[in-house]
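Student: I have a model open and would like to go through it. Can we start with how far to trust it?
Tutor: Yes, here it is.
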Amino acid sequence: MANIKTIDKKSKAQSMGMHTEVLTGRTQQKFFNPDEAENFYYFGTYDVDFNKRTDLDVMNMSAPEANKEIDNLMSQGYGTIVIKNPQGKHSLGVGILNKLNLIFEGSLGYFGMGSCDGPIVRINGRVGWSCAENLMAGKVVIEKNAGSCFGAAIRGGDLICKGSVGARTGIDMKGGTIIIGGDAGAFTGFMMQRGRIIILGDVGINLGDSMYDGTIFVGGEIGSYGSDAVDAELTSSDQNWLRRKLKVAEIGDDFDVSKMKKIVAGKKLWNYDNLEPTEKKGAI
Amino acid sequence: MAKKKGKKTSSKKQVRGQLGKKKETAREKMIGQTIGYRYDVNLLPDYKKITPFLKKYIEAMGWDDLNWLEDVHMGYEDDRPAVFCRNANGWVTIPKSIKLPNNQQDRDMIARELLVKFQMSPKHPLVDLKKAYLKF
């Protein structure tokens, strides 16, 4: 762990009390034998059985109560949980860091399935803003439409909406795949840094605005390109991967992926830290 | 008079970096700093190269494909091949005993396998952190 060491005041900033301590020794060595861990079990998670199934009616529960009950059921080994009457409640199913088969029979409100790591989720309705925000791993399928900021800042996993989504889909995403069966709104892929977005329908204005990296595939019409978003060549490897992914998403069986457009970052916004002083000089 | 110690000069020019490439990229020269990635972050996985361990892992988790591991690649840290562990927020260097293949796709599969094993190991840093700070 990093050691916290108090140092004498040296610089002007330090004398002003802005920072009086320094972090040293951040590197730590941990050794492990690759053969020791073939248990498919993460420390601190529940060992659930997908064949053990139960229902949970959340009609008269608040979101924290419902989430705690899901956790309680997982601790009892339930690997498949069906949530009845979600009734558009906000923040349902957040923070599940476990493998789990979760089915919602209805719609979710804002921030549904946020900060999850591992579950397979099916929502037989619609979702509000910021569905599956910060998803780390797993698969979330929405049968109908989704609100704006769909999959904001996701790091990994597959997020699928069979209908259409609002604006700023995949904003600030750092990994994973977002798949949309219908249309997407403005500023899709805004500031994305890594990962992939697939849109089978049309997309609004400013697609991939200020994207640092990552890839966007579009099947329909593009409203307009955002800053630093450029076209790229669709390779055979891309097409094979797209066919595979659409099969996983259970959409677009007969969709012709060879006609999709591929958009990537022009990388003119990359690593501008060292260029900044020059720009400042120019401005002064 | 004391003999002046000659500065030892290595005949080999030290190269920091980069699988396959030995020089800085034009972009790195231009911006004057190293770009951390030593691989194409957009490289899509070749599922023909998947290892038996990864197949078992996918099955155990109930997924259809590599899922989050699609974003995991073999990189380079301090002149050694390594894979980034987002849970520990650090690079896990690959043991010297593991011989690395020539192509990035095979290297990526090895990186994915090692990363999953590391994260499931009781020696993963998160195990201690969870014991100390886990709230519920």
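Student: What does chain B average in pLDDT?
Tutor: Chain B averages a pLDDT of 79, and 71% of the residues score at least 70. pLDDT is the predictor's confidence in each residue, on a scale from 0 to 100. This is a predicted model, in which local features need pLDDT of at least 70 and side-chain atom pairs count only at pLDDT 80 or more, while totals for chains, interfaces and linings use all residues. Residues are numbered from 1 along each chain as its sequence is written, and chains are lettered from A and ligands numbered from 1 in the order in which they are written.

Student: Which elements of chain B have the lowest and the highest mean pLDDT?
Tutor: Helix H1 (residues 26–31) of chain B has the lowest, 65, and helix H2 (residues 52–61) of chain B the highest, 94. Helices (H or I, at least four residues) and strands (E, at least two) are DSSP runs, numbered from the N terminus.

Student: Where is the pLDDT below 50?
Tutor: Over residues 9–22 of chain B. Beyond near neighbours in sequence, that stretch has 9 contacts in the model. Two residues are in contact if their C-beta atoms, placed from the backbone, lie within 7 Å.

Student: And the complex, what ipTM does the predictor give?
Tutor: The ipTM is 0.84, and the pTM is 0.84.

Student: How many residues does each chain put into the contact?
Tutor: Chain B gives 32 residues and chain A gives 41 residues. On the side of chain B that touches chain A, the elements giving two or more residues are H2, helix H3 (104–120) and helix H4 (125–133) of chain B. H3(B) gives the most, with 5 residues.

Student: What is that side made of, by class?
Tutor: The side of chain B that touches chain A has 17 nonpolar, 8 polar and 7 charged residues. Ala, Val, Leu, Ile, Met, Phe, Trp, Tyr, Cys and Pro count as nonpolar, Asp, Glu, Lys and Arg as charged, and the others, Gly among them, as polar.

Student: Back to H2. Is Tyr57(B) buried or exposed, and why?
Tutor: Tyr57(B) is found in helix H2 of chain B. Tyr57(B) counts as buried because it has 22 C-beta neighbours inside 10 Å. The cut-offs are 20 or more other C-beta atoms within 10 Å for buried, 12 or fewer for exposed, and partly exposed in between, with C-beta atoms placed from the backbone.

Student: What is Tyr57(B) in contact with?
Tutor: Leaving aside neighbours within four places in sequence, Tyr57(B) is in contact with Phe40(A) and Val116(B).

Student: Now the sheet in chain B. What order do the strands take?
Tutor: 3 strands form an open sheet in the order S1-S2-S3, with antiparallel pairing. Two strands pair if DSSP finds at least two bridges between them. Strand S1 (75–77) and strand S3 (90–93) of chain B stand at the edges with a single partner strand each, so one side of each is left without a neighbour in the sheet.

Student: How many bridges join S1(B) to strand S2?
Tutor: 3 bridges join S1(B) to strand S2 (residues 80–85) of chain B. In S2(B), Pro81(B) is the bridge partner of Tyr76(B).

Student: What lies across S2 and S3 of chain B?
Tutor: H3(B) does, running at about 55° to S2(B). Axes are lines fitted to C-alpha atoms, for helices over the stretch in contact, and angles run from 0 to 180 degrees between N-to-C directions.
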